[in-house]
Amino acid sequence: MRILITGAGGMLARAVAEHCAARRDEVFAHDRRSLDITCEQGVREVFERERPETVINCAAWTDVDGCELDPQRAFEVNSRAVGLLAAGARVAGASFVTVSTDYVFDGQQEGFYTQRDDPRPASAYGSSKLEGERLAQATAARTVVVRTGWLFGPGGRNFLATAIERARRGERLRAIVDAYGTPTYAPDLAARLCELAELDLPGVYHVVNAGAGVSYAEFARAAVEVSGATGVEIEGIKMDALARPAPRPRNSRMRCLLSEAVGLQPLRDWREALAAFAALG
Ligand SMILES: NC(=O)c1ccc[n+]([C@@H]2O[C@H](COP(=O)([O-])OP(=O)(O)OC[C@H]3O[C@@H](n4cnc5c(N)ncnc54)[C@H](OP(=O)(O)O)[C@@H]3O)[C@@H](O)[C@H]2O)c1
């Protein structure tokens with residue numbers, strides 16, 4: 001398949017590009033320098049030149065607090081630009097897979113969020129990602145929205161990746177005890193994005209590794225365990241104590257109602273994925 005990947009400097013896009021290259025797809029991977037997705041002309045030129053059969057959009061402004069302080073930029077990148085990509089895909093006759101987030105939910109609900117739950121984002125980041133989903137769906141019928149949560153994997157700069165790094169070095173960790181999500185291994189998600197691109201069945205999918213959700217502190221503990229480090233202290237903190245600009249969901253655990261129905265196996269348990277990641281060294 002001829003696959004266009006955006007946001008190629010980021011953690012997920014790199015995993016997608018690696019997966020596609022291993023499958024011998026024809027890959028056009030663009031980081032922000034070679035394709036700024038907010039640039040309408042740039043987007044048009046790339047589609048005309050590369051004529052992709054599918055597009056996997058991993059580009060996003062993922063700085064949750066940054067988005068809260070500059071919502072205009074958040075909507076520019078996470079909403080309007082997603083609409084531009086969807087329009088490019090429609091004109092090119094390509095399917096369009098765009099990655100969204102558990103932060104479209106406000107986290108007030110108990111249990112797992114499914115597609116039956118109305119999104120109600122509490123932050124500018126979540127609102128901008130939800131608007132991106134909607135613009136894409138309104139623009140291109142062949143849109144597959146993939147909501148995921150708490151990513152970890154090679155090259156990540158988020159809490160989960162940092163926790164794993166620190167655990168390996170035997171350093172002390174601070175982690176939130178009262179926010180729960182579903183950890184997801186970027187390479188597992190990358191493989192699933194490709195499957196969904198091939199299936200070409202439009203809709204909203206929730207894609208996370210299997211297993212019960214955890215708090216950040218529980219994830220940190222699991223990371224310490226698989227790292228083999230001993231004597232690592234984990235200081236539990238309450239989410240409110242951090243007083244960050246953007247609110248985060250207290251619970252953003254997700255489950256998918258569609259994946260099995262379209263013949264997809266659940267992704268492996270996140271603990272198994274964490275062990276595989278730790279084994280990379
Ligand atoms: N990480 C998580 O825990 C998590 C959880 C749920 C959902 N997601 C979603 O998963 C997707 C991938 O996330 P990730 O963790 O791989 O994020 P990431 O590492 O921050 O990667 C995002 C990439 O998008 C690029 N980008 C930003 N603005 C752009 C623009 N205007 N044009 C082109 N590229 C641009 C960034 O480049 P610069 O660095 O140069 O700005 C970055 O390389 C995103 O849609 C995110 O919302 C992530």
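**Helices H6 and H8**

I began with H6 (residues 159-169) and H8 (residues 216-227), whose axes come within 8 Å and cross at roughly 40 degrees. I therefore put H6 down as oblique to H8. The model is a predicted one. I noted the crossing of H6 and H8 as right-handed.

Next I listed who meets whom. From H6 I have Phe159, Leu160, Ala163, Ile164, Ala167 and Arg168. Their counterparts in H8 are Tyr216, Phe219, Ala220, Ala223, Val224 and Ser227. By class I get ten nonpolar residues, one polar and one charged in this contact.

**Helices H4 and H5**

I turned to H4 (residues 71-92) and H5 (residues 124-139). Their axes come within 8 Å and cross at roughly 20 degrees. Angles under 35 degrees count as roughly parallel, so I entered H4 as roughly parallel to H5. H4 passes H5 in a right-handed crossing.

On the H4 side I wrote down Pro71, Ala74, Phe75, Asn78, Ser79, Val82, Gly83, Ala86, Ala87 and Arg90. On the H5 side I found Ala124, Tyr125, Ser128, Lys129, Glu131, Gly132, Leu135, Ala136 and Thr139. The H4 contact with H5 holds ten nonpolar, six polar and three charged residues.

**The sheet**

I then traced the strands. Six of them form an open sheet, in the order E2-E1-E3-E4-E5-E10, with parallel pairing. Which strands stand at the edges? I found E2 (26-30) and E10 (203-206) there. Each has a single partner strand, so one side of each is left without a neighbour in the sheet. Neighbouring strands are turned by 20 degrees against each other on average, direction ignored.

I checked the E2 edge in detail. E1 (residues 2-6) runs parallel to E2, and five bridges join the two. Arg2 stands opposite Glu26 in E2.

I also asked which strands H5 lies across. They are E4 (95-101) and E5 (143-148). H5 runs at about 160 degrees to E4.

**The ligand shell**

Last, I looked around the ligand. I count 27 residues surrounding the ligand. Gly7, Gly9, Gly10, Leu12 and Ala59 are the closest. Which elements give two or more residues to this shell? I noted helix H1 (11-22), H4 and E4. H4 thus appears in my notes twice: it meets H5, and it contributes to the ligand shell. E4 also returns, as a strand that H5 lies across and as a contributor to the shell. By class, the shell divides into 13 nonpolar, ten polar and four charged residues.

How values were computed. Residues are numbered from 1 along each chain as its sequence is written. This is a predicted model: local features need pLDDT of at least 70, side-chain atom pairs count only at pLDDT 80 or more; totals for chains, interfaces and linings use all residues. Axes are lines fitted to C-alpha atoms, for helices over the stretch in contact, and angles run from 0 to 180 degrees between N-to-C directions. Helices (H or I, at least four residues) and strands (E, at least two) are DSSP runs, numbered from the N terminus. Angles under 35 degrees count as roughly parallel, over 145 as roughly antiparallel, 65 to 115 as roughly perpendicular and the rest as oblique. A crossing is left-handed if the near helix is turned anticlockwise from the far one by less than a right angle, and right-handed if clockwise. Two residues are in contact if their C-beta atoms, placed from the backbone, lie within 7 Å. Ala, Val, Leu, Ile, Met, Phe, Trp, Tyr, Cys and Pro count as nonpolar, Asp, Glu, Lys and Arg as charged, and the others, Gly among them, as polar. Two strands pair if DSSP finds at least two bridges between them. A residue is near a molecule or strand if its C-beta atom, placed from the backbone, lies within 6 Å of it.
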